[in-house]
Amino acid sequence: MAELQSVERALEALLKDVKAGDVERIECETAAGRVLAETVTARLDVPPADNSAMDGYALRHADAGQWLPISQRIAAGYAPEPLAPGTCVRIFTGGEIPPGADTVVMQERVETQDAQAHVPGDITLGDSVRCRGRDVRAGTPLLEAGTRLEAAALGHLAGQGITQVSVYRRPRVALLSTGDEIIEPGQSLAPGQIHNSNRPMLSRLLERFGAELVMREHVADDFATTQRLLREAAEQADVIVTTGGVSVGEEDHVKHALESLGQLDLWQLAMRPGKPLALGRIGQARLVGLPGNPVSCFVGAWVYLRPLMGALLGCPRMATLPRLWARAAFTTHTQARRHYMRVGLEFTTDGIVAHAFADQNSAVLSSCLEADALAVVPEHTTLDEGERVECLWLTD
Ligand code: AMP
Ligand code: MG
């Protein structure tokens, strides 16, 4: 039997020479999940002026401890007049501090009578003032190239008044589901058939990983169909993802069809689930052939497709999943293959506990339902309950 290859070697082969795609300029409104192709520099101070963190009264700190006439009212959204000497101003959260004032006192601490306010003497200079540029300073880097635009980044861009950004093109992916037994949901099952679980599952994961799905086809188990659809996929896609048909059975046609069109490496990996993995190319398109079992597809997507999408999207952070250590709430042992066990994480005051779904067979998709992480049990290991196990957190 051929020697088993490590996951690391397969990843290296998969990611070799992969570069981010073209750059395009898009509206921030539609930029969620995209990756910046430029470092964005702040052009504005945020906040643009000193403003009040409280509803209260603004004054000169030196005037505290006495009754002061209230000379102005400043709500958020209105430009203040300079502070008249020896007075204070009524101010509301977000209101701009008038020139000459330096401190705000919250209204709960202030007595008022006849358009005068009494401010206590024990206040600290600068209290409740949010200084200009505290959040962002104009001219400094706001977001680095390679940042995936999620909620906070989008808010930050908007804070600068920015409406367009340069991002990398989304990787175009063709998803091909092989298998004569596979039919789509909505069609009734004849004897021998099963519904296509991999297609919606991988579609969703690929979308989360930033891909654009340009083709989704079912592929019958025959050489000519497989060859035709692979050729079609290679014309449109950066990446062709196939499921099933990469074992060495007589009905596994992906290998031969791919060899007829491009090049293929069929890997036997030291991992469970998902021992066979096909990596290849047809012209410019890369092919990742996952085995058909839904759990192998699920795990393979996180382990292989996520870093690949990250590289094509120009997002270095997607190269690896966040790792954490947890105490195993289960016992297991491995032989020649590293086991990626689907585990639920429980966050306790004593640390993180990993609970494994009872049936870890690669055909049992239920094991992925509650999976927060993949616990990685190395080759030739006995893991006892209570021991520490490294987990890959399944998160964006
Ligand atoms: P294969 O890798 O083609 O030998 O398939 C391995 C196992 O996964 C077989 O039991 C298939 O029926 C099953 N399988 C393949 N593709 C799918 C799919 N799209 N959805 C659900 N099960 C699948
Ligand atoms: Mg098959």
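**Loops, cores and a ligand site**

Reader: Between which two strands is the loop in which Pro273 lies?

Author: This is a predicted model, in which local features need pLDDT of at least 70, side-chain atom pairs count only at pLDDT 80 or more, and totals for chains, interfaces and linings use all residues. Residues are numbered from 1 along each chain as its sequence is written, chains are lettered from A and ligands numbered from 1 in the order in which they are written, and side-chain values use heavy atoms, with hydrogens and water left out. Helices (H or I, at least four residues) and strands (E, at least two) are DSSP runs, numbered from the N terminus. The loop holding Pro273 runs between strand S19 (271–272) and S20.

Reader: What is omega of the peptide bond that joins Arg272 and Pro273?

Author: The bond joining Arg272 and Pro273 is cis. Its omega is about 0°.

Reader: Which residues does a cis peptide bond with omega of about -10° join?

Author: One partner, Pro47, is found in the loop between strand S2 (40–41) and strand S3 (51–52). With omega of about -10°, the cis bond joins Val46 and Pro47.

Reader: Which element gives the largest share of the largest nonpolar core?

Author: A nonpolar core is a set of buried Ala, Val, Leu, Ile, Met, Phe, Trp, Tyr and Cys residues joined through side-chain atoms within 4.5 Å; buried means under 20% relative accessible area, exposed over 50%, and partly exposed in between (1.4 Å probe, protein chains only). The largest such core has 47 residues, and Tyr340 is among those with the most contacts inside it. Elements giving it two or more residues include helix H1 (7–15), strand S20 (276–282) and helix H6 (294–313). The largest share, 13 residues, comes from H6.

Reader: From which domains does this core draw at least three residues each?

Author: Domain bounds come from an automatic or database domain assignment. That assignment includes domain 2 (24–44 + 139–168) and domain 3 (51–130). The core draws at least three residues from each of domain 1 (7–21 + 170–318) and domain 4 (323–393).

Reader: How far apart do the C-alpha centres of domain 3 and domain 4 lie?

Author: Domain 3 spans residues 51–130, and domain 4 spans 323–393. Their C-alpha centres are separated by 58 Å.

Reader: How much of the area that ligand 1 exposes alone does the protein bury?

Author: Ligand 1 is surrounded by 13 residues (a heavy atom within 4 Å). Among its polar contacts (pairs of N or O atoms within 3.5 Å; within protein, one must be able to donate a hydrogen and the other to accept it, and residues adjacent in sequence count only if both atoms are side-chain atoms), a polar side-chain atom of Glu181 lies 2.5 Å from a ligand oxygen, and a polar backbone atom of Ser197 is 3.1 Å from a ligand nitrogen. Accessible areas come from the Shrake-Rupley method with a 1.4 Å probe, and for residues only the protein chains shown count as cover. Taken alone ligand 1 exposes 490 Å², of which the protein buries 76%.

Reader: Is Thr332 buried or exposed?

Author: Thr332 lies in strand S23 (residues 332–333). Leaving out residues up to four places away in sequence, its contacts (heavy atoms within 4.5 Å) are Met341, Val377, Thr381, Thr382 and Leu383. Because its relative accessible area is 13%, Thr332 counts as buried.

Reader: Is Asp17 buried or exposed?

Author: Asp17 lies in the loop between H1 and strand S1 (23–27). Although not a glycine, Asp17 has a positive phi of about 65°. Its relative accessibility is 52%, so Asp17 counts as exposed.
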